Each structure stands twice: as structure tokens, then as C-alpha cells.
Amino acid sequence: MSDPSSAKLWIQHIRRMFISRLRFKRWTTTFTLVLFLLFVTVILMSRLPSSIDSGKRSRHVNPKFAVIEDRGKEEPKHAGLQGNSNNNDLSLDEPVIEGIGVKSNKVNSDDGPWKGHYGDRFAWYDDSKLGNFEPRDVKPTGRPGDEGKDFRIEDEKDVDLNQVQQLKNEYGMNIAASDRIPMDRSIPDLRLEECRSWNYGEEDLPTASVVIVFHNEGFSTLMRTVHSVLLRSPRRYLREVVLVDDYSDKDPLHSHLDEYIKKAWGQWRASWNSTAYGDKEGREGETITEKSHKVKLVRNQERLGLINSRTRGAKEAVGEVVVFLDAHCEVSYNWLTPLLAPIAKNPKTLTVPIIDGIDSENFHYRPVYSRADQHYKGIWEWGMYYKELEVDMKEHLKTHKVSEPYDAPTHAGGLFAVQRKYFMDLGGYDPGLLVWGGENFELSFKVWQCGGRLQWVPCSRVGHIYRAFMPYTFGSLAKKRQGPLIITNYKRVIEVWWDEPYKEYFYTREPLARYYDAGDIRSQLAIRDRLKCKSFDWFMENVGKDVYKHFPRLPHNVKWGEVRNLVADQCLDTGSSNPPQTVHLTTCHSQGGHQLFRLNAEGQLGVGERCIEATKKSMTLAYCKLGTVDGPWSYDAETQELKNNNVVTLCLEYLEDSGAVHLNTCTGEDNQKWIWKEIHPRKHG
Ligand SMILES: [Mn+2]
């Protein structure tokens with residue numbers, strides 16, 4: 001190593017070796033890289049087209065099947081259910097694309113405004129600036145009811161309190177107070193902060209007709225509903241407001257209404273050029289003084305009821321989407337576009353806004369739900385009472401921003417948006433449903449089972465006045481059918497859309513319904529058949545699974561009917577359906593209602609949707625523990641004892657002295673004997 005030349009050679013040798021090695025290495029690297037890129041290209045070619053133009057396709061071609069959101073659970077994929085080709089669910093595609101350093105949103109920037117992880121060309125999230133339809137106007141303050149504050153008319157000076165009360169009795173809400181609140185009052189923006197960062201695809205959104213059915217509605221609350229829609233909907237997408245008068249007989253709803261419409265908005269116009277409507281970007285709503293020519297009034301020549309009036313409204317409408325609203329609402333800021341975007345993406349989607357509450361006494365606008373970041377979804381108990389269930393937010397947040405739309409089995413019914421053509425293809429509402437009740441279920445089951453989906457949209461909020469009571473009757477419509485109207489509507493719905501064993505759960509919970517006349521359902525079954533709708537089993541498995549969390553499958557009744565005490569010769573009666581109530585004995589009336597008891601195979605004793613509890617002091621109507629269908633009760637047909645096996649076995653006893661019903665040690669005496677009798681409503685010819 002002391003020889004400098006040999007050292008030089010050595011160095012040269014090493015260098016050469018290193019270089020050739022490097023060359024070799026570079027060659028293999030290049031080769032690997034080329035192979036890798038080839039591989040990547042193949043993958044990209046096979047995957048990208050479907051994800052990029054998925055939106056377009058689903059807009060122009062009705063997707064054949066509902067897409068059930070893959071939320072990372074091992075839910076069985078059903079034949080015909082496509083995993084991602086029609087889906088916006090980026091989470092399915094992203095890992096592959098991200099792994100090779102190509103962002104999905106950069107691949108083809110001409111295709112649409114893809115701005116990040118959340119969203120697609122119909123709706124995308126970008127918190128660097130205000131969303132493209134966010135209101136930029138100043139919200140008025142200081143007038144009665146502004147900012148959604150309560151307005152206490154009794155504190156005003158020139159008020160005839162008798163008249164105020166009279167109007168309250170007439171309308172079920174404080175119309176005198178409403179009359180003094182400006183039509184364009186401001187309301188609080190109760191949306192999630194995120195909602196202000198959502199953008200909606202301006203070229204893709206459909207036009208909407210807002211359909212409002214009314215019957216003897218308060219004039220100012222009805223008009224404020226219409227004004228709020230015109231003020232807070234982008235004019236380019238609001239095609240019209242269709243008012244359907246369901247045969248009102250109250251004065252102001254006749255010539256006064258005609259005049260008001262003409263004066264406020266001018267004659268409705270059939271011609272439509274969206275760009276001619278104000279702001280060329282179509283973002284802003286109307287001003288309060290503007291004549292938009294967008295309000296159309298149609299009147300029924302006889303009472304049709306809410307359900308059939310809505311169908312009429314949809315037929316009269318000309319917009320691509322119909323949005324149904326109650327006649328006493330105030331829509332919130334940027335409420336419309338979030339409802340339209342999911343429909344633009346998949347025309348078989350029915351979208352539902354989140355409901356805020358407006359006080360019927362003072363019109364205070366406030367949230368119904370205590371937390372904006374906890375979502376709810378509509379479900380039912382087996383007697384078809386509408387219920388809501390908390391959405392599993394952990395699960396939701398795995399794949400969605402908190403403000404994104406989410407699937408729900410059903411909804412409350414009053415407010416929703418649906419593509420008009422799709423609604424009509426589904427046959428609208430079942431025309432055999434009378435007046436009110438069950439139509440929300442009918443449409444929800446129909447949509448889900450026949451290939452569509454139903455989503456609740458957190459960024460769309462609509463205030464709704466919850467009335468103190470319903471100020472009108474069903475009138476002659478109630479006479480059209482035997483049995484209580486609402487329950488017969490329910491029966492119709494479950495007879496069409498449910499299968500066994502689910503139908504049986506309904507009849508278990510509502511035993512009298514078995515005897516009611518649901519009318520002819522053949523045309524509805526034909527729709528189910530024609531549209532090749534899926535089974536109710538499929539629905540429960542894929543959409544309604546969570547229902548069981550609160551309302552498990554019902555064990556059959558071992559006994560049901562009225563329960564008569566042998567000594568008293570009177571029947572158990574809860575007196576009311578609102579717990580807590582002391583159960584007492586009264587004359588047996590064989591009408592069901594508060595005397596219709598049910599004992600199921602697992603020992604739960606119930607009346608309506610409630611449960612019966614008892615102690616040594618009393619027997620009470622209580623809330624059932626959610627998620628349970630069992631209980632401590634049993635009936636011994638031989639001894640006629642109604643037993644409670646909670647800790648020790650006790651018998652239900654009637655105390656002649658006090659008239660009380662309570663538990664006591666079993667004695668075998670007659671005052672502990674109970675006779676069940678099923679009630680069968682008389683059938684009329
Ligand atoms: Mn209502």
C-alpha cells in the first residue's frame with residue numbers, strides 16, 4: 001500500500017467497479033420502475049374511469065341498483081349491489097391511487113371541481129373559502145322575531161288578548177303574534193360550521209319546485225313559508241313554489257290569498273329561463289320586494305287530504321325535483337342546494353333536511369336536537385309509531401365528514417326532496433292512503449326496496465312550527481274507511497311492503513289492525529312487482545338493522561284483549577297513553593284503546609307502545625326499556641292468576657275497599673282472578 005501507483009490503480013479499479021455497478025444498478029432500477037409504472041398504468045386504466053365519470057353516469061343513466069354504503073363493515077355484498085362504480089365513496093378508490101403518489105383530484109382537473117378528500121363534482125368540501133352558495137347578505141335585526149328570537153305579543157301595548165286567544169284556538173298556533181313578525185325575518189344559522197365550506201356543482205344541480213299543501217292554514221305563517229323559500233333559495237334552481245289548497249274554507253285563503261300572491265310575486269309564468277332570473281351565478285335568493293312570478297296556486301275542488309294533495313302538487317309542478325314542505329315552515333340559509341346535490345348524483349335519492357323547531361306560541365326558532373354533531377335517523381316501533389335513533393357517529397366519521405348526508409331507514413314525513421320523474425315512476429304516494437299517516441313509511445320502504453336510497457342532510461335545515469294541537473278534523477274523508485284512519489293506513493303500508501315475519505310483528509303490537517279494512521292493495525302490489533323491488537328482509541338487513549337496537553323482534557302474544565277482574569267485573573284501564581299512569585279498573589268497553597292489554601311469550605305486559613309495571617302498592621303504565629321485549633309477567637289459564645315473577649312470584653290483586661290494583665302474595669281468592677277477552681271490532685257490510 002506504500003506504492004503510490006498501485007494505490008492509484010486500486011482507486012481507479014474501485015471507481016470503475018463502482019460506476020459499472022452503479023450503471024447496473026441504474027439499469028435494474030429503471031427496469032423495475034418501468035415495470036412498476038406499467039403495472040400502475042394498468043391499475044389506473046382499470047379503476048380511474050369508473051371513479052371519475054361515476055357522477056356523470058349516475059346523473060344521466062339511472063343507476064340500476066341502490067348503492068349501499070360500504071362503511072368498512074363486513075356487510076355481505078348482495079348480487080347486483082355495486083361496490084363502487086356508481087358510488088361517490090372515495091374511500092374505496094383512494095388507497096390505490098394515493099399509494100402511487102397521484103391524487104385523484106389532480107388526475108383530470110377538467111372533469112370537475114375535485115378539491116380534496118371529501119366530495120365529488122356535485123358537492124365538495126373546501127375550507128379555504130366560503131362555499132359557493134353561502135349567503136353573503138346581511139341578516140336583518142331588531143324587528144319582532146328577527147334572529148329567530150321569541151316575540152311575546154302579550155308584552156305589546158295595543159293587544160286584544162281575547163282576540164289573540166281566539167286565534168290560537170282556531171289555528172293551534174299564535175297567529176296574532178305571527179301577523180306582527182316580518183315576512184323576511186332573520187333566523188339563527190344553526191348549521192354545523194362545516195356547512196359553510198361545502199360547494200355544490202353549479203352546472204349539475206337540478207331545478208326544484210317547492211310544493212306546499214295547506215288546509216285552513218294561518219295566513220301569515222303560510223306566507224312566511226313561501227317568502228322564506230324565495231328569499232333563501234338560489235333563484236337559478238328554484239323553479240317555482242306550488243301552493244295546493246286542500247279545500248280550505250277560511251276567508252283569508254280565498255280572494256285575499258289570490259291578491260297577495262299577485263301583489264307580492266306577480267302572475268306565475270310558464271316560461272322559464274334560469275339565467276334571466278337575477279344574479280347570473282344563480283346564488284342569491286329573491287329580494288322581498290321582487291316580483292319573481294314563481295308562485296303558483298292550485299285549489300282542490302274537494303278535500304283530498306294531505307297525501308293525495310301532495311301527489312297533485314307533484315303533478316302540477318314543472319321543476320326537475322319536488323321539495324315538499326309543510327305549510328308552516330321557515331327554511332334556513334342555503335337549505336336547498338345540499339338537498340339537490342345528492343339527487344344530482346343519484347336521481348333515485350330522496351333527501352331529508354334536518355328539522356328545527358319554531359315555537360307555536362312565540363315563534364322562537366331553536367334546534368330540536370341538542371347537539372348538531374350527533375345525527376339521528378328515522379325508524380319505527382312495530383306499531384308504526386315514528387321514532388328516531390342516534391347515528392353511530394364513530395362509524396359515520398370513519399368515512400364521512402360530520403356534515404355529510406347519511407342513510408336513514410325513514411323520516412318524519414313532512415319535509416323532503418325527490419326527483420319528480422322518479423317520484424312519479426314510483427307511482428307517487430299510494431293513493432289509497434287517506435289524509436295523513438304512514439305515507440312517510442310507504443315512500444321510504446318503496447324507495448329503498450325499489451333501488452333508491454334515503455338520506456338525511458345535516459347542512460339543510462328547515463324550521464317547522466310544532467302546533468299545540470291539530471285545529472281541523474279529517475272531515476268526510478274519515479268515513480271512507482272502516483277502522484281508525486291512521487292505523488288502516490299503516491296496515492296498507494305493511495301489507496304492501498313488508499313480508500313475514502315482519503307483518504306479524506305489526507299485528508302483535510296492534511292486534512285490532514288484523515280486522516281493519518285496508519282497502520284494495522292490488523295496484524300497489526303490482527308496483528312492487530313491476531319495479532322488481534327487493535324483499536323487506538333485504539331492507540332490514542341492509543338499511544333497517546339498527547331498528548332492532550331499540551325495537552327487537554316481537555315475541556307473539558300469549559294473551560291479548562281486555563282484562564276483567566272476576567270480583568270487580570271491571571277491566572284494567574291505563575286511562576291515558578302517557579306514562580306514568582296508575583292502572584285502575586273501569587267498566588269494560590270492548591273498544592280496545594287504554595283497555596287493550598297484551599302479554600307476550602317472554603313475559604312483557606304492554607298497552608300500546610308502553611309497558612305495564614306493578615308493585616305491592618300499585619300497577620302503572622311505564623316506558624318500556626328500549627331494546628327489551630321481555631318482562632316478569634305470566635298468566636295461569638287454570639287459576640286465572642296474573643303473576644309477576646320479578647323477585648318472588650306475586651299475584652295481581654284487586655282491593656275492593658280502595659279499588660286499587662296491586663301485587664300481593666298469591667292467595668287463590670277471586671279478587672286475584674283475571675279473565676282475558678279478545679276484542680274483535682264489528683265488521684260492517
Ligand atoms: Mn306540520
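Colleague: Quick one to start: in which sense do strand β12 and β14 pair, and over how many bridges?

Modeller: They pair in the antiparallel sense, over 2 bridges. β12 covers residues 406–407, and its Y406 stands opposite W456 in β14. Keep in mind that this is a predicted model.

Colleague: OK. What else is joined to β14 by bridges, say β7?

Modeller: β7, residues 329–331, is joined to β14 by 3 bridges, and those two run antiparallel. V331 has V462 as its bridge partner in β14. Then there's β8, residues 349–359, which runs parallel to β14 and is joined to it by 11 bridges. In that pairing, G357 sits opposite H464.

Colleague: So is β14 largely enclosed or exposed, and why?

Modeller: Largely enclosed by the rest of the structure, because 13 of its 14 residues are buried. The strand spans residues 453–466.

Colleague: Let's zoom out. How many helices and strands does the chain have?

Modeller: There are 18 helices and 27 strands. The chain has 685 residues, and 42% of them count as buried. If you take contacts between residues at least 6 apart in sequence, 76% join residues at least 24 apart.

Colleague: And the largest nonpolar core, which residues have the most contacts inside it?

Modeller: V211, I212, V323 and L340, in a core of 101 residues. A second, separate core has 25 residues, including C611, L621, Y654 and L663. As background, nonpolar side chains tend to be buried together in soluble globular proteins.

Colleague: Back to L340 for a second. What is L340 in contact with, leaving aside neighbours within four places in sequence?

Modeller: L205, P206, A208, Y237, V321 and A417.

Colleague: You listed C611 in the second core. What does C611 stand opposite in β22?

Modeller: A622. C611 is on β21, residues 610–614, where 5 of the 5 residues are buried. Both faces of that strand are covered, with R610, I612 and A614 on one side and C611 and E613 on the other.

Colleague: Which way do β21 and β22 pair, and what joins them?

Modeller: They're antiparallel, with 4 bridges, and β22 is residues 619–622. A hairpin joins the two through 4 residues.

Colleague: What about β20, how does that strand pair with β21?

Modeller: Antiparallel as well, over 2 bridges, with β20 at residues 605–607. V607 stands opposite R610. The hairpin of β20 and β21 has 2 residues between the strands, and G608 takes a positive phi near 60° there.

Colleague: Changing topic: where is E495 found?

Modeller: In helix α14, residues 485–497. E495 counts as partly exposed, because 16 other C-beta atoms lie within 10 Å.

Colleague: What does E495 contact, leaving aside neighbours within four places in sequence?

Modeller: K503, A518 and I521. E495 and L525 are 30 residues apart in sequence, and their C-alpha atoms are 8.8 Å apart in space.

Colleague: Then helix α15. Which of its residues are buried?

Modeller: Y505, F506, T508 and R509, in a helix that runs over residues 502–509. Looking down the axis of α15, those buried residues fall within an arc of 160°, so they line one face of the helix.

Colleague: And what covers the buried residues of α15?

Modeller: The cover includes α14 and β15, residues 557–565. So α14, the helix where E495 is found, is part of what covers α15.

Methods. Residues numbered from 1 in each chain as written. Predicted model: local features only at pLDDT ≥ 70, side-chain atom pairs only at ≥ 80, totals over all residues. Core = buried A, V, L, I, M, F, W, Y, C linked by C-beta atoms within 7 Å. Buried ≥ 20, exposed ≤ 12 C-beta atoms within 10 Å, placed from the backbone. Contact = placed C-beta atoms within 7 Å. Pairing = 2+ DSSP bridges. Arc of directions from axis to C-beta.
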